[in-house]
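Welcome! Here is a short briefing to read alongside the sequence and the 3D view.

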Amino acid sequence: SGERIFSARCLPFRDRSGQNVGVIMVLHDITVIKKMDQVRSDFVSMVAHEIRSPLNSILAQIQVVRDGLAGGLTEKQEEILGRASERIRGLVSLSSELLDLARVESGLILQEREQIDLGEMLKDQRDFHCPRAEAAHITLDLLLPGPLMPVLANRRNIEEVLSNLIGNAISYTPEGGQIELSAAMESDYVRVSVKDTGFGIAPEDVDRIFAPFYRVKNDKTRMIVGTGLGLPIVKSIVEAHNGWIRVESTPGRGSTFHVHLPLGK
């Protein structure tokens, strides 16, 4: 009755001499789990859509008041409205990232793929993030040792991956630090790395940073604003492109995120 979804695991079956004589296949009916995931994704998408528009409207009205179009403001009133605006912007960002996560989980990012030159994309991302890095007195360098073969990917989503990793590096690197972007060919993959000299990640947190809503909090990072959804979105996008992401980090010395994407054959 209706569509069924199964998870399959296959193992070779060998005789005493080690020769393959067949395959053992185990099927698990995961229809209910998949339907629950779809209901959750649909609910998240609906909520995000419903809250983003009124939040933007509230933000616009507050800006009208802050601009003095409804009368003058005292310094204290301006401070209160400024804090309120920042909180609302945080909620708008959260709703946008929830929508992105719902798109990733629904498989929509596999559509509209094209041949992408990651070297050129890294140059564009470097130019885009340079003003923010310079304002924080952080050096942002790009190292491309040679030409790169193109990857087959969704342009907007790979841009989101790079922008998220570079933005995080800037946020978690103190003044005077350095960030290095690099890319190189590794077998049938292009490896893109974002290396910083920031606060670093404790060993017990490394395996948890890709979990939704998880954020590393300590005395150095507690004032950094974020939703905890950026890295889960990055990981989901990369894996949907048949790639993988890994991180190397030492507390107090910095972190390096490596993204591997398959060539667009």
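The notes below cover an aromatic pair and a packed pair of helices.

This is a predicted model, in which local features need pLDDT of at least 70, side-chain atom pairs count only at pLDDT 80 or more, and totals for chains, interfaces and linings use all residues. Residues are numbered from 1 along each chain as its sequence is written, and side-chain values use heavy atoms, leaving out hydrogens and water.

**The aromatic pair**

- Searching the whole structure turns up one aromatic pair (ring centres within 6.5 Å, taking the six-membered ring for Trp).
- Y189 and W244 form this pair, with 4.9 Å between centres and 65° between planes, which is edge-to-face (over 60 degrees).
- Distant parts of the chain are linked here: Y189 lies in strand β7 (residues 189-196) and W244 in strand β8 (residues 244-250), 55 residues apart.
- Y189, at 25% relative accessibility, is partly exposed (between the cut-offs of under 20% for buried and over 50% for exposed).
- W244 is partly exposed too, at 35%.

**The helix pair**

- Helix α3 (residues 118-135) packs with helix α4 (residues 155-171) at about 40°, and their axes are 10 Å apart.
- The two helices are therefore oblique (neither under 35 degrees, nor over 145, nor 65 to 115).
- Contact means heavy atoms within 4.5 Å; among the residues that meet are L118, M121 and L122 in α3, and I158, L162 and I166 in α4.
- The residues of this contact divide into eight nonpolar, five polar and three charged, where charged means Asp, Glu, Lys and Arg, and Gly counts among the polar ones.

Notes: Rings of Phe, Tyr and Trp (its six-membered ring) pair if their centres lie within 6.5 Å; planes under 30 degrees apart count as stacked, over 60 as edge-to-face and the rest as tilted. Helices (H or I, at least four residues) and strands (E, at least two) are DSSP runs, numbered from the N terminus. Buried means under 20% relative accessible area, exposed over 50%, partly exposed in between (1.4 Å probe, protein chains only). Axes are lines fitted to C-alpha atoms, for helices over the stretch in contact, and angles run from 0 to 180 degrees between N-to-C directions.
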